[in-house]
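The following note sets out several points for a colleague reading this model at the bench. Please consider them alongside the sequence and the coordinates.

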Amino acid sequence: MTELRQAALSQIPTPRTPPDEAEPLRAALRRTPLTRIPVDGAVVVARPTAATDRDQIGDLHLRCSDTTRYHRYHCGLRQPTASMLDHMTDRAQGLYLAVHEPEGQMVGLCGLAFTRSPRTAELGLLVADAWQGRGIGRAVCELLLASATTAGYARVMAHVVAENRRVVAFAAGLGARPTASGDPCVVSMVFELDAHGGGPV
Ligand SMILES: CC(C)(COP(=O)(O)OP(=O)(O)OC[C@H]1O[C@@H](n2cnc3c(N)ncnc32)[C@H](O)[C@@H]1OP(=O)(O)O)[C@@H](O)C(=O)NCCC(=O)NCCS
């Protein structure tokens with residue numbers, strides 16, 4: 001290349017890569033630590049998932065009723081597919097917390113998936129039937145909302161089967177407002193978060 005051509009090329013402004021708005025929020029969310037949660041008569045541990053959790057996640061799903069799995073995935077899925085397992089164990093795609101009872105068995109998997117919108121995350125909750133109604137879902141949901149708020153997320157969405165009225169009411173009680181999802185059978189519950197760390201508003 002001639003010196004003249006090099007000089008001409010150096011005059012062309014290099015397009016600037018837009019800063020990745022999502023990454024600092026995702027990195028902050030990934031710092032959510034292992035948390036011990038006292039629930040009705042026991043202390044459970046919620047900790048971020050790892051690639052080695054795939055078998056335990058599969059086993060957790062087999063211990064859930066058809067209704068619980070339907071409410072979580074909106075279809076008759078018995079086990080997560082390989083790509084869903086990737087998603088639930090890959091910190092590049094979200095923050096999932098595995099919940100363990102005192103003997104070590106995985107009894108819940110609750111998480112926030114990153115979305116295309118940098119400041120919005122999608123909430124998914126699953127607690128094995130034998131452990132439902134003891135406060136795990138509420139405690140882990142509050143933990144995830146607090147982590148998302150601290151990380152700087154503006155919004156968390158949960159897509160709930162409309163017939164799942166207890167969970168619609170539960171989310172509304174935590175401050176979410178129902179919005180149309182485009183599917184008449186699904187309600188999108190939207191938590192608008194307080195950017196100053198005060199939890200859902
Ligand atoms: C929703 C879910 C995670 C709650 O977990 P949990 O540990 O049972 O929750 P908690 O004991 O903290 O109770 C919180 C709320 O969950 C709901 N809940 C609890 N047990 C429930 C059950 N057996 N069936 C339906 N809803 C239940 C109730 O709304 C409850 O609120 P309330 O006590 O004010 O009625 C759990 O019921 C579950 O896995 N359901 C199937 C999947 C699902 O619906 N996910 C939400 C959409 S992503």
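1. A residue counts as buried if 20 or more other C-beta atoms lie within 10 Å of its own, as exposed if 12 or fewer do, and as partly exposed in between. The model discussed here is predicted. Histidine 74 has 15 other C-beta atoms within 10 Å and is therefore partly exposed.

2. Histidine 74 also deserves attention for its backbone. The residue sits in the loop between α4 (66–73) and α5 (82–89). Its phi is positive, about 65°, although histidine 74 is not a glycine. Most residues other than glycine have a negative phi.

3. Phenylalanine 114 belongs to strand β4 (residues 106–114). Is this phenylalanine 114 buried or exposed? Phenylalanine 114 is buried, because 21 other C-beta atoms lie within 10 Å, and the threshold for that class is 20 or more. Not counting residues up to four places away in sequence, its contacts are Ala22, Arg26, Gln93, Gly94 and Ala121. With arginine 26, the C-alpha atoms are separated by 7.7 Å, while the two residues are 88 apart along the chain.

4. The sheet is open and consists of eight strands, ordered β1-β2-β3-β4-β5-β6-β8-β7, with mixed pairing. Its edge strands are β1 (35–39) and β7 (177–180), each of which pairs on one side only. On average, neighbouring strands are turned by 30° against each other, direction ignored.

5. At one end of that order, β7 pairs with strand β8 (residues 186–192) in the antiparallel sense, over four bridges. Within this pairing, proline 178 has methionine 189 in β8 as its bridge partner.

6. Two helices that pack on the sheet may be described together. Helix α6 touches β1, β2 (42–48), β3 (94–100), β4, β5 (120–124), β6 (155–161) and β8, and its direction makes about 25° with that of β4. Helix α7 (residues 165–173) touches β6, β7 and β8, and its direction makes about 160° with that of β6.

7. Which residues touch the most other members of the largest nonpolar core? They are Val99, Cys110, Ala148 and Val156, in a core of 44 residues. Helix α6 (residues 136–151) supplies the largest share, seven residues. In soluble globular proteins, nonpolar side chains tend to be buried together.

8. Cysteine 110 can be followed further. Leaving aside neighbours within four places in sequence, cysteine 110 is in contact with Leu97, Val99, Gly124, Leu125, Leu126, Val140, Cys141 and Leu144. One of these partners, Val99, is itself listed among the residues that touch the most other core members.

Conventions
Residues are numbered from 1 along each chain as its sequence is written. This is a predicted model: local features need pLDDT of at least 70, side-chain atom pairs count only at pLDDT 80 or more; totals for chains, interfaces and linings use all residues. A nonpolar core is a set of buried Ala, Val, Leu, Ile, Met, Phe, Trp, Tyr and Cys residues joined through C-beta atoms within 7 Å. Two residues are in contact if their C-beta atoms, placed from the backbone, lie within 7 Å. Two strands pair if DSSP finds at least two bridges between them. Axes are lines fitted to C-alpha atoms, for helices over the stretch in contact, and angles run from 0 to 180 degrees between N-to-C directions.
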